[in-house]
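Here is my note on the structure you sent. Please read it with the sequence and the 3D view side by side.

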Amino acid sequence: MKRKIVVGMTGASGSIYAVRLLEVLNAAGIDVHLSITSSAQLVLKQELELSVDLDDFQVSSLLLGDGVDTSDSKLSMMRQQAGISSEDSNVLAFNVGEPGKVIYHHYEDYTSPIASGSFLTDGMVICPCSGGSLAAIVNTLSGNLVQRAAQVHLKERRKLIVVPRETPLSTLQLECMKRASEAGAVVLPAAPGFYHGVKTIQDLVDFVVGRICDHLDIEHNLIRRWGT
Ligand SMILES: Cc1cc2nc3c(=O)[nH]c(=O)nc-3n(C[C@H](O)[C@H](O)[C@H](O)COP(=O)(O)O)c2cc1C
């Protein structure tokens, strides 16, 4: 059976991590249940010049090489710098056969399957994870579908990976991270290493996405591992 991963995108900086994560999960043949907050929509526009319609979502607005011309976007410029063309944006050459599907859920739709623990998944990633979303989650709030799905993953004792991006961190934010970790979440900050032969922004992005994949038990060759 195909694996199902929930991906929540919230309004922290680093939307490029989420776009790359979607692309990698897709190439790895994993079905992604995706929800995007309105702040994440703003950051996607600000950082990558990607316009995403949350009411009439088109997967092609995020997955490159899926029929939409994003050649003017900042994302495309970064990829060119890294020597990646949109035709071979699935640079990983996973050999899994069929790509995964993206199933979109509006962030205010609590009737979505991912709002319920009876809908089985193989885990959830919130990437990037804003301080606001993290604070809400550790206080058991369900103010939107991303937060609700996170509560579901914690209560069902399923894997929840949060990818915060903030610096410096206040004591309160550090406490939120500690509480998330104690509740069973993996706190995986968007803090790329520089020891794997970094040449481009893409290498830095792939470091973080590769570490997320490690925690989802997804084999990948996104980074050269230390000691190999
Ligand atoms: C361009 C931009 C960048 C932002 N970067 C961050 C960030 O790096 N970390 C963070 O915690 N919040 C950041 N924010 C603030 C969040 O978007 C804001 O707290 C929002 O309420 C989060 O809502 P959400 O968690 O529901 O997506 C940023 C906002 C904008 C517009």
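1. Start with strand pairing. Strand β4, residues 124–129, is joined to β5 by four bridges. The two strands run parallel. For a concrete pair, look at V125, which stands opposite I161 in β5. This is a predicted model, so please read every point below as a statement about a prediction.

2. Now turn to the other partner of β5. Two bridges join β5 to strand β6, residues 186–187, and this pair also runs parallel. Here V162 has V187 of β6 as its bridge partner. What do β5, helix α6 and β6 make together? They make a right-handed β-α-β unit, with α6 covering residues 171–182.

3. Is β5 mostly covered or mostly open? It is mostly covered: five of its five residues, 160–164, are buried. The cover is on both faces. L160, V162 and P164 are buried on one side, and I161 and V163 are buried on the other. β5 also has the highest mean pLDDT among the elements of the protein chain, at 99.

4. Helix α5 spans residues 145–155. Eight of its 11 residues are buried, so the helix is largely enclosed by the rest of the structure. The buried residues include L145, V146, A149, A150 and V152. Q147, R148 and H153 are buried too. What covers them? Among the covering elements are β1, β2, β4, α4 and β5. Just after the helix, R157 takes a positive phi of about 60 degrees.

5. Check G117 next. It lies in the loop between β3 and β4. Why is G117 called partly exposed? It has 15 other C-beta atoms within 10 Å, and a residue needs 20 or more to count as buried, while 12 or fewer would make it exposed. G117 and K155 are 38 residues apart in sequence, yet their C-alpha atoms are 8.1 Å apart in space. Leaving out residues up to four places away in sequence, G117 touches V152, K155 and E156. V152 is one of the buried residues of α5.

6. The ligand deserves its own look. It is surrounded by 16 residues, and the closest are T10, G11, S13, T37 and S39. The elements that give two or more residues to this shell are α2, residues 38–48, and α4, residues 131–138. Which of them gives the largest share? That is α2, with five residues. By class, the shell has 10 polar, four nonpolar and two charged residues.

7. Step back to the whole chain. It has seven helices and six strands. Along the sequence they follow the pattern β-α-β-α-α-β-β-α-α-β-α-β-α. Of the 228 residues, 44% count as buried. Take the contacts with a separation of 6 or more: 76% of them are between residues 24 or more positions apart.

8. Finally, confidence. The chain averages a pLDDT of 90, and 86% of the residues score at least 70. Which element has the lowest mean pLDDT? It is helix α3, residues 74–81, with a mean of 65. Residues 86–91 also need a flag: their pLDDT stays under 50. The model has 12 contacts beyond four places in sequence for this stretch.

How values were computed: Residues are numbered from 1 along each chain as its sequence is written. This is a predicted model: local features need pLDDT of at least 70, side-chain atom pairs count only at pLDDT 80 or more; totals for chains, interfaces and linings use all residues. Two strands pair if DSSP finds at least two bridges between them. A crossover is right-handed if, with the strands pointing away from the viewer, the path from the first strand over the helix to the second runs clockwise. A residue is near a molecule or strand if its C-beta atom, placed from the backbone, lies within 6 Å of it. Ala, Val, Leu, Ile, Met, Phe, Trp, Tyr, Cys and Pro count as nonpolar, Asp, Glu, Lys and Arg as charged, and the others, Gly among them, as polar. Two residues are in contact if their C-beta atoms, placed from the backbone, lie within 7 Å. pLDDT is the predictor's confidence in each residue, from 0 to 100.
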